[in-house]
Amino acid sequence: MKFKSLIAGASLLATAAAQAAGLEQLLRFQKEIQSARVQFVQTVSSPDGKKQKHNKGQFEFQRPNRFRFDYAAPQNQVLIGDGKKVWMVDPDLNQASSRPLDAVLSSTPVALLAGASLGEAFQLKDDGEQGDIAWVAATPKQADQGIQSLRIGLKGRELAALEIVDGLGQRSRLVFSGFEANAKLDAERLRFTPAPGMDVIDGK
């Protein structure tokens, strides 16, 4: 009986350690990674799962609150966070518009990863492991139409995946690769500079 109790106890400890891994890794990610560059593939699914759209591109960030999200062709759109505003740029149409950073964080959850702490806006808890990815579930502390739920997948201190359900039930899954921790980023890429003749709408 004592032997069985020891085995059961060891199993419980191992399970608890696995469950704690995701949140611990997220805390390390926020503390140790001040900048990064990573490639992504995104799949957006309708609420019923019958329609899907696929995109790919590159995500860069520099804490605090500076980031760049480049979607590759055929979408060809750029999302730039300069610390105060978020700019949506469409090079093909030569148009750009902005909104204050605080107003769009809930609808741009990737931007939260460039902030100081996800814990300020979300309740965080470990959400198990799948393969070599440890997951953290993030639930908004305040009801918001922008996002219902968020799951963050990590491999050690590297960002591996992100799963988002928005206010309308649309699901987005981003899978990251080629993670460059504490990459040296060009400051100009994290600022918005209008192209000649660009139509700019500044949301102040």
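A salt bridge here is a side-chain nitrogen of Lys or Arg within 4 Å of a carboxyl oxygen of Asp or Glu. By that rule, this predicted model holds 13 salt bridges. The views below start with the sheet and then come back to some of these pairs.

**View 1. Twelve strands line up in one open sheet.** Going across the sheet, the order is E7-E8-E9-E10-E11-E1-E2-E3-E4-E5-E6-E12, and the pairing is mixed. At the edges stand strand E7 (122-130) and strand E12 (199-201); each has a single partner strand, so one side of each is left without a neighbour in the sheet. On average, neighbouring strands are turned by 20° against each other, direction ignored. When you look along any one strand, keep in mind that in a regular strand the side chains alternate between the two faces of the sheet.

**View 2. Strand E1 sits between E11 and E2.** That placement comes straight from the strand order. On one side, E1 pairs with strand E2 (residues 52-62) in the antiparallel sense, over eleven bridges. Pick out Val-44 and you'll find its bridge partner in E2, Lys-53. The two strands make a hairpin with six residues between them, and Gly-49 in the turn has a positive phi of about 80°. On the other side, E1 meets strand E11 (residues 171-181), again antiparallel, this time over nine bridges. There, Val-41 is partnered by Val-175 in E11. So how enclosed is E1 (residues 35-45)? Eight of its eleven residues are buried, so the strand is largely enclosed by the rest of the structure.

**View 3. Phe-59 has plenty of company in the largest nonpolar core.** This core has 34 residues, and those with the most contacts inside it are Phe-29, Phe-59, Phe-67, Ile-152 and Leu-162. Strand E9 (residues 147-155) gives the most to it, with four residues. Zoom in on Phe-59 and, leaving aside neighbours within four places in sequence, its contacts include Ala-36, Val-38, Phe-40, Phe-67, Val-110 and Phe-176. Two arginines, Arg-37 and Arg-68, also touch Phe-59. A second, separate core has seven residues, among them Val-78, Ile-80, Trp-87 and Phe-192.

**View 4. A network of salt bridges links six charged residues.** The members are Arg-37, Glu-60, Arg-68, Asp-70, Glu-180 and Arg-189. Side chains of opposite charge can pair when their charged atoms come close. One pair to find is Glu-180 with Arg-37, at 2.9 Å from N to O. This pair links distant parts of the chain: Glu-180 is in strand E11 and Arg-37 in strand E1, 143 residues apart. Which of these two is buried, and which is partly exposed? Arg-37 is buried, because its relative accessible area of 18% falls under the 20% cut-off. Glu-180, at 35%, counts as partly exposed. Now look for Arg-68 and Asp-70, whose closest N and O atoms are 2.7 Å apart. Arg-68 counts as buried at 14% relative accessibility, and Asp-70 does too, at 16%.

**View 5. Strands E9 and E10 are joined by bridges and by a charged pair.** Eight bridges join these two strands, which run antiparallel. One spot to check is Ser-149, which stands opposite Val-165 in E10. The charged pair is Glu-163 and Arg-151, a salt bridge with the closest N and O atoms 2.8 Å apart. Glu-163 lies in strand E10 (residues 158-166) and Arg-151 in strand E9, so the pair ties together parts that are twelve residues apart in sequence.

Definitions and conventions:
Residues are numbered from 1 along each chain as its sequence is written. This is a predicted model: local features need pLDDT of at least 70, side-chain atom pairs count only at pLDDT 80 or more; totals for chains, interfaces and linings use all residues. Side-chain values use heavy atoms; hydrogens and water are left out. Buried means under 20% relative accessible area, exposed over 50%, partly exposed in between (1.4 Å probe, protein chains only). Two strands pair if DSSP finds at least two bridges between them. A nonpolar core is a set of buried Ala, Val, Leu, Ile, Met, Phe, Trp, Tyr and Cys residues joined through side-chain atoms within 4.5 Å. Contact means heavy atoms within 4.5 Å. Axes are lines fitted to C-alpha atoms, for helices over the stretch in contact, and angles run from 0 to 180 degrees between N-to-C directions.
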